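Grab a coffee and work through these exercises with the viewer open. Try each task yourself before you read the solution.

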Amino acid sequence: MVDIPLDHVAGIPPAEVGEVELYHPRSWWTRYVFSQDAKVIAVQYSITAMSIGMVALVLSWMMRLQLGFPGTFSFIDANQYLQFITMHGMIMVIYLLTALFLGGFGNYLIPLMVGARDMVFPYVNMLSYWVYLLAVLVLAATFFVPGGPTGAGWTLYPPQAILSGTPGQDWGIVFMLASLILFIIGFTMGGLNYVVTVLQARTRGMTLMRLPLTVWGIFTATVMALLAFPALFVASVMLLLDRLLGTSFFMPTLVEMGQLSKYGGGSPILFQHLFWFFGHPEVYIVALPAFGIISDLISTHARKNIFGYRMMVWAIVAIGALSFVVWAHHMYVSGMHPYFGFFFATTTLIIAIPTAIKVYNWVLTLWRGDIHLTVPMLFALGFIVTFVNGGLTGLFLGNVVVDVPLSDTMFVVAHFHMVMGIAPIMAVFGGIYHWYPKVTGRMLNDVLGKFHFWVTFIGAYAVFFPMHYLGLLGMPRRYHDIGETSFVPASAHDLNAFMSVAALIVGFAQLVFLFNLVWSLFKGKEAGGNPWGATSLEWQTPETPPGHGNWGKELPIVYRWAYDYSVPGAAKDFVPQNEPPSGAVAQGAHP
Amino acid sequence: MSAIILFMATIAAIAGWWLSQQRLAAKPWLEEGVAVDFRGERGSSVPPAKIGLGVFLAVVGSLFALLISAYSMRNTMVDWRELPLPKLLWINTGVLIISSAALQWSLMAARRSDDEDMLVGLLVGGASAVTFLAGQLVVWQQLNVAGYVVASNPANSFFYLITALHGLHLIGGLVALGRTSAKVWRGAPMVQVRLSVELCAIYWHFLLLVWLVLLGLLTGWTENFVNICRQLLT
């Protein structure tokens, strides 16, 4: 071991923070509602995200009911089906996953994991949540406006997004765009906090290379989101102007309902470029925090240090950078120049390298580890399997010649649900089962947890694995009713019915999870401060749940990286990050 | 999309340079003890608010770079008709330069702890920024009267959109400037306000830079410049 001398450098936060510097809640309202404490904001974000996520879950049931049993349910017509698709996609990708990973996990874990008292701009952090809530409310309001929510598909492609004939053309699309604009404003406020907190508020000894990978994942994803969301912002504003003021940023000359429309000359492809310049980084904005969380879960629950920590960090950074130069692989069928397609196919395949490095490192961490099949570990394993599965079909779709025939089929639906639906949600669940004891002080029920995992995991495969096959058959996506077609055999319809039943069961399993969350809050087993025997700082707080200011009187001092599990010769099978090295106690504890 | 790619490359270069200072090749599993912290090694510690502003400017920069990208893709279409830029725009630009200069002057006064000059600088800066915004509204009015309404041509649409977004950012800055001026007015200690004044000045300079770039775009100078460069290269 190399002992590094203690060094007094300006800019490191002092070990003791004066009381005046901390924000103090003065009433019940400022403690639990308009709170500036990142931990409370994290819980607010999570509850809001999961609530609107439940709406999206119900929408997916509706779609599956229609696809599995077409014509049976009179309350689902073609327009509603399109509205369900749109809202399900938009909510799940942006309002659930992005908000939960960055607003929920980010707010809770960043200050605790880097050894800070709170985020650096607590007031802005609070505003971020309230603007997010407003965005969610505006989004939810579209269900009640005349004409209902927009049915333009979650990509909101013009010209159809704002033409008559598309459901929600009156108000739905306007509310949707307004909600997105609000979301981006709110996210920017939060994102500035996450980035600056990681940069500036790390405790003594917490170098970047000692950060847990969860922080690396959330940090990089936040940087990407800050740079990518402006593209969606610009696209939304311009589309909103096209809709409201009749400008022609995106709208070409066309005939609408038998009459020449007021629009002319605009470029729908321009919208696609802007949208996917945001949309592709968005995939990794959701994936990178999941990568980080999975790395920490695997290391902790296999009692083994993470394999190739440096490579893991480099891979995260490389994926973050590369994800900005692959956007047009979503546009192979937009009629772009074949050379562009070739370029974007190449960059897309290159991004598989750092991603594969991460997968190998997870597997190598597991190899000869002391694997505890706890619920978080089960979800982590489920993540790896699902992510590899979705990643492999990504290699298919990344190639132009394969993508073009598959582009409008169920194959694409199966691919992106595996890779950015099921996989990240596995990380979300794993993370919740892992950190719930820190947030509440009680363990989630293990039996319910295992039930939740197995039904979700097997059920999700039952839904999405056969969907690849339907896609290869040529079954189109976005269709309300396939009807009688020669290339879709009767057995495919039976398969669809099977998938729908599986989807219903998976959905109900989530209710068990929600019940577990509430029930364990009151009846769960007392967790203690560090139930998993984990090394990172959030498990070393003096109180559980962590009190205001996180660390009591003194900030922790970090002496090692976050993965000292099963160190030969150590007394326990884990060494917390803030445990001084033997023989250097006096040097470290009293700087 | 070349504008935004160029912008992202710049950001990537800055991020790469910063990362190269962070000992990313360290082997943390071998290093025990309180490590030398590399924050603040160069030129003392930077306050979090300043870093926060820097990150925010990157976000705003990305927003405008994307607008420029969209502009340069759209203006190659056949229906694009340049609109005549009112002369007032040049006066407005001058006013914005004055505003930025006044804040720089205020910052210099803050550095030598000169309360009065600092407040004067802030007020002049704020007043000229408001004048700039009013001038922009007059430009809109003139264009409207001349028949160049927002939806009649994409060039008009982009002009209104770009000036509006720039103006909104300036209004946001004015809120911060107002709060800073109020603090100075109430006689807050210099240590507290110096940072606020500095942040305002940085933000103003940035918005001035953005405006000059946008003006180059709207007048077509940037396009000419790019064309000349392209000819020199080929």
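**Exercise 1.** How many helices and how many strands are there in chain A?

*Solution.* Keep in mind that you're looking at a predicted model. Walk along chain A and count: you should end up with 16 helices and three strands.

**Exercise 2.** What radius of gyration does chain A have, and what would a compact globule of 591 residues have?

*Solution.* Start with the expectation: for 591 residues, a compact globule would come out near 25 Å. Chain A has 24 Å, so the value agrees with that of a compact globule. For the outline, the C-alpha atoms of chain A fill a box of roughly 85 × 50 × 50 Å along the principal axes.

**Exercise 3.** Work out what chain A brings to its contact with chain B.

*Solution.* First, the head count: 57 residues come from chain A and 48 residues from chain B. Next, find the elements on the chain A side. Strand S1 (2–3) and helices H5 (172–200), H6 (213–244), H7 (268–301) and H8 (309–322) of chain A each give at least two residues. H6(A) makes the largest contribution, with seven residues. Finally, sort the chain A side by character: 37 residues are nonpolar, 15 are polar and five are charged.

**Exercise 4.** At what angle do the axes of H6(A) and H2(B) cross?

*Solution.* Helix H2 of chain B covers residues 48–74. Its axis and that of H6(A) come within 8 Å and cross at roughly 40 degrees. Angles under 35 degrees would count as roughly parallel, and 65 to 115 as roughly perpendicular. H6(A) and H2(B) are therefore oblique to each other. Their crossing is right-handed.

Now pick out the residues that make this contact. H6(A) puts in Leu226(A), Leu227(A), Pro230(A), Ala231(A), Phe233(A) and Val234(A). Among those from H2(B) are Val55(B), Ser62(B), Leu66(B) and Ala70(B). Sorted by character, the residues of this helix pair are 13 nonpolar, one polar and no charged.

**Exercise 5.** Which element of chain B has the lowest mean pLDDT, and which the highest?

*Solution.* Take the whole model first: ipTM is 0.93 and pTM is 0.94. Then zoom in on chain B, where the mean pLDDT is 90 and 96% of residues reach 70 or more. Among its elements, strand S1(B) (residues 31–32) has the lowest mean, 81, and helix H3(B) (residues 88–111) the highest, 95. Last, look at residues 40–44 of chain B, where pLDDT is below 50. Beyond near neighbours in sequence, this stretch has seven contacts in the model. Where pLDDT is low, don't read the predicted coordinates in detail.

Note on methods: Residues are numbered from 1 along each chain as its sequence is written. Chains are lettered from A and ligands numbered from 1 in the order in which they are written. This is a predicted model: local features need pLDDT of at least 70, side-chain atom pairs count only at pLDDT 80 or more; totals for chains, interfaces and linings use all residues. Two residues are in contact if their C-beta atoms, placed from the backbone, lie within 7 Å. Helices (H or I, at least four residues) and strands (E, at least two) are DSSP runs, numbered from the N terminus. Ala, Val, Leu, Ile, Met, Phe, Trp, Tyr, Cys and Pro count as nonpolar, Asp, Glu, Lys and Arg as charged, and the others, Gly among them, as polar. pLDDT is the predictor's confidence in each residue, from 0 to 100. Axes are lines fitted to C-alpha atoms, for helices over the stretch in contact, and angles run from 0 to 180 degrees between N-to-C directions. Angles under 35 degrees count as roughly parallel, over 145 as roughly antiparallel, 65 to 115 as roughly perpendicular and the rest as oblique. A crossing is left-handed if the near helix is turned anticlockwise from the far one by less than a right angle, and right-handed if clockwise. The radius of gyration is taken over C-alpha atoms; the globule rule is 2.2 Å times the number of residues to the power 0.38.
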